[in-house]
Amino acid sequence: MAKAKSKKFILWFKETGINDVKYVGGKNASLGEMYRKLTKKGVNIPNGFAVTAYAYQYMIKHNNVEKEIKRILKGLDTSNLKDLKERGKAVRNTILNCEIPDVIQKDIIKAYEKLSKEYGKDTDVAVRSSATAEDLPDASFAGQQETYLNIRGKDSLLNACKKCFASLFTDRAISYRVDKKFSHFKVYLSIGIQKMVRSDKASSGVIFSIDTDSGFKDVVLISAAYGLGENVVQGNVNPDSYYIFKPTLLQGFKPIIQKKVGEKKLKMIYTNNKEKPTKNINTTEKERKSFVLKDEEILQLARWACIIEQHYHKPMDMEWAKDGITKKLFIVQARPETVQSQKNMNIVEDYDIPKKGEIIVTGQSVGAKVGQGKAHIITNVKDINKFKKGEVLVTEMTDPDWEPIMKIASAIVADRGGRTCHAAIVSRELGVPCIVGTNEATKKIKPSQPITASCAEGEEGFVYKGIIPFKINKINIKRFKKPKTKIMMNIGDPERAFEFSFIPNDGVGLAREEFIINTYIKIHPLALINYKKIKDRAVKEKIDKLTYGYNNKVEFFIDKLAQGVAMIASAFYPKDVIVRLSDFKSNEYANLIGGKEYEPKEDNPMIGWRGASRYYSDNYKEAFALECRAMKKAREVYGLKNIKLMVPFCRTVEEGKKVIKEMEKNGLKQGKDGLQVYVMCEIPSNVILADEFSRIFDGFSIGSNDLTQLTLGLDRDSELVSHIYDERNMAVKKLIALVISKAKKNNRKIGICGQAPSDFEDFARFLVECGIDSISLNPDSVVKTTLAILEEEKKLKR
């Protein structure tokens, strides 16, 4: 069979599998494998066939051009971009001037006619290159050869095939093979000819079965835009993005843990022009502001991503398309993910910019590094040979032709593109920090201006004026011993949760809702509940802009809060994630959109209407109900049962009972499905009545910041008495030691989530001495504090 395959010019998808890369290239071998084995598992794959690598070799030999190609490429220096460009063009012209031998032409036409019988006369096909060394796990050849869409009729098909053969020698493919030490004459080209999915009338995009930035393996990341998929792949548009959590998806839950609308300014559609069979048109405002996919479609694609990943036993990079006529979804490509899956996960590298500068533009960060240098703005591929090593490449968007300069850039900043576009994929592989979707970098950054591009601050990337100093901390977590005391983390920003999950930990001791409400929701919950009664036009306009697509405004609050918490709970699943219910002061609530209407003016909000006292109040309990519904959604719809809830600033035992009752009214029953409810221990009454609080709550978390100010009777926001504020004061330490012993006596878990152990190693040692169960730290202090705790535990053993 193998010999017969090796001499065939055409192989149908049903005849090929993953072991046939040498005959049909990586892309086609993968399509054949999926068509044969995964269509029966419900994954839709459009039919097609491959023009084999043997056909390419036969054509080169038949036209006797190998010597000529070798002559053209002899002595090539890929760092000389002008030389690379001239020689690349000469090789491609040599191949384009070849004749496709009659025997090959006949086989291609016969197979195309057979495909047209299945799908209709002169059926529309996608013609894609598939190199025989393509998509190996440590080398991504993504986008190096060409793809032609909406090809109809025999002549157009043969013409597209010849262009594909020539694209084995695009400038970027030549440069890439030289860098990866592949011989130009041991890599051959096969062509995939596949029935087109009519996504020009619907949508398409990319799927990764791993987080492309952090390497977190438990999520599927889907990018989506209207029209044909090339815009997403090439970075022409800022697409929607959706995260789905795999472990609970496979248990039957519906964990779409993040949904973000992208701008999607363009969509690629069919034309009737044979020379230019596709074109871009502008999307409507409604399309730009709406999600491309329905929730059930997002979940369907995520399930298929899991099936494909399980089949290949490795993280995968896939392309999907929706047919606008049949409304069906399809997978049209799959290849191994080649960057994060190859990373050494034992080394955690942390880039840190201690002092920020003046921001020029922001966008989506790709990777987690920092790059800096002089800005070099390039808007036309003709100018790439002027680019110098170490400069920051600033451009509208990159395409695969830019790869030779991307590898010498210190950072890349692009106006357009999303986190799965070409610029993002290549920059990750090259280890170059990249910020995409800035919209105006090419306008706001001046030529030769010194800039710093930071991807080290979460999902948002920042371009700062000037060269800003930064540090790189490297941690080998393989050598890391675990202390007996549990080391948890304080997390506020959901965007950084995946990245922080690689730091050795026992879960999250404090997940703060305030960051999520401030950053993603921005609106006072009562303003959403009473939306129809709002008279202030400016407030209404702001709410409309943020909540576009939500007819019921309260659902916006519930979704965004549930998703923010779910990103954190997923990152650390199945470890405990303790979510503190909202603890804004009245002045902070008033700063939310529409908030002034509902908040009192208090002289000292720090000890005013905050925490537990709000949750059962007639003036606020409707708003608290939205919080409860969000937590219920995260636990019951997304399946994140590792979420525990914590009540802040609970002054009295009676207040605790009222809050538990209010939670139950809103579907959060303590004990049901393992739901535990903790209380913050941050008021002296929590310590004094710890036995009584133990009868209501499942555990305590010490908030050393508030406990210190209330024990010492000072306002921690006042500079006049700040010199007295010290968590290590003996009165504070006595209260902490007392509550730890009382919690132990009552068989209740006790931890600490205040700032003190992150700031003072001696304080962390004191907590270990008292026998605390867990210490929750800021991510940047986990390593040094853990080492101090190990040392203290060693002493106590002696």
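A cavity, on a 1 Å grid over the protein atoms alone, is a set of points where a 1.4 Å probe fits but cannot get out. The exercises below apply this and related terms to a predicted model.

**Exercise 1. The enclosed space**

Task: Establish how many cavities of 30 Å³ or more the whole structure holds, how much space lies in the largest cavity, and which elements give two or more residues to its lining.

Solution. Rolling a probe the size of a water molecule over the atoms shows where empty space is left. Searching the whole structure in this way, one finds six cavities of 30 Å³ or more, and the largest cavity contains about 170 Å³ of space. The next step is to look at its lining, which is made of 18 residues, with Arg-128, Ser-199, Gly-229, Ala-321 and Val-332 the closest to the centre. Grouped by element, two or more lining residues come from each of strand 3 (125–131), strand 5 (189–195), strand 6 (203–208), helix 9 (230–234) and strand 12 (316–322). Strand 12 gives the most, with three residues. Grouped by class, the lining has nine nonpolar, five polar and four charged residues.

**Exercise 2. A pair of packed helices**

Task: Classify the packing of helix 4 and helix 5 as roughly parallel or roughly antiparallel, and state which residues meet.

Solution. Two packed helices are described by the angle between their axes and the distance between the axes. For helix 4 (residues 66–73) and helix 5, the angle is about 170° and the axes are 9 Å apart. Angles over 145 degrees count as roughly antiparallel, and helix 4 and helix 5 are therefore roughly antiparallel to each other. On the helix 4 side, the contact is made by Glu-68, Ile-69, Ile-72 and Leu-73, which meet Arg-87, Ala-90, Val-91, Thr-94 and Ile-95 of helix 5. By class, this contact has six nonpolar, one polar and two charged residues.

**Exercise 3. Two loop residues beside helix 5**

Task: Decide for Lys-74 and for Cys-98 whether the residue is buried or exposed, and place each of them in the chain.

Solution. Begin with Lys-74, which lies in the loop between helix 4 and helix 5. Its relative accessibility is 69%, so Lys-74 counts as exposed, the cut-off for that class being over 50%. Cys-98 is placed in the loop between helix 5 (81–96) and helix 6 (102–119). Because its relative accessibility is 1%, Cys-98 counts as buried, the limit here being under 20%. Leaving aside residues up to four places away in sequence, Cys-98 touches Met-59, Asn-63, Val-65 and Lys-162.

**Exercise 4. Backbone exceptions**

Task: Determine which residues a cis peptide bond joins, and what phi Lys-264 and Asn-747 have.

Solution. Most residues other than glycine have a negative phi, and most peptide bonds are trans. The cis peptide bond joins Tyr-573 and Pro-574, with omega about 0°, and Pro-574 lies in the loop between helix 20 (553–572) and strand 25 (577–580). Turning to phi, Lys-264 has a positive value of about 50° although it is not a glycine. Lys-264 sits in the loop between strand 9 (256–260) and strand 10 (266–270), and at 0% relative accessibility it counts as buried. Asn-747, likewise not a glycine, has a positive phi of about 60°. Asn-747 is found in the loop between helix 28 (730–745) and strand 29 (749–752), and at 67% relative accessibility it counts as exposed.

**Exercise 5. Two charged residues and their contacts**

Task: Find which residues Glu-655 touches and which residues Arg-614 touches, not counting residues up to four places away in sequence, and decide whether Glu-655 and Arg-614 are buried or exposed.

Solution. Glu-655 belongs to helix 24 (residues 653–665) and, at 6% relative accessibility, counts as buried. With residues up to four places away in sequence set aside, Glu-655 touches Ala-612, Ser-613, Tyr-616, Phe-649 and Cys-650. For one of these, Ser-613, the C-alpha atom is separated from that of Glu-655 by 7.1 Å, although their positions lie 42 residues apart along the chain as a sequence separation. Arg-614 is part of helix 22 (residues 612–615) and is buried, with a relative accessible area of 1%. Under that same exclusion, Arg-614 touches Phe-584, Ser-586, Tyr-589, Glu-599, Trp-609, Tyr-620 and Lys-621. Finally, the C-alpha atoms of Arg-614 and Val-659, 45 residues apart along the chain, are separated by 9.2 Å.

Terms used. Residues are numbered from 1 along each chain as its sequence is written. This is a predicted model: local features need pLDDT of at least 70, side-chain atom pairs count only at pLDDT 80 or more; totals for chains, interfaces and linings use all residues. Side-chain values use heavy atoms; hydrogens and water are left out. Helices (H or I, at least four residues) and strands (E, at least two) are DSSP runs, numbered from the N terminus. Buried means under 20% relative accessible area, exposed over 50%, partly exposed in between (1.4 Å probe, protein chains only). Contact means heavy atoms within 4.5 Å. On a 1 Å grid over the protein atoms alone, a cavity is a set of points where a 1.4 Å probe fits but cannot get out, and a pocket is an open set with protein on both sides within 12 Å along at least five of seven lines; lining residues have an atom within 4 Å of a point. Grid points are joined across faces, edges and corners, and a volume is the space filled by probe spheres set on the points. Ala, Val, Leu, Ile, Met, Phe, Trp, Tyr, Cys and Pro count as nonpolar, Asp, Glu, Lys and Arg as charged, and the others, Gly among them, as polar. Axes are lines fitted to C-alpha atoms, for helices over the stretch in contact, and angles run from 0 to 180 degrees between N-to-C directions. Angles under 35 degrees count as roughly parallel, over 145 as roughly antiparallel, 65 to 115 as roughly perpendicular and the rest as oblique.
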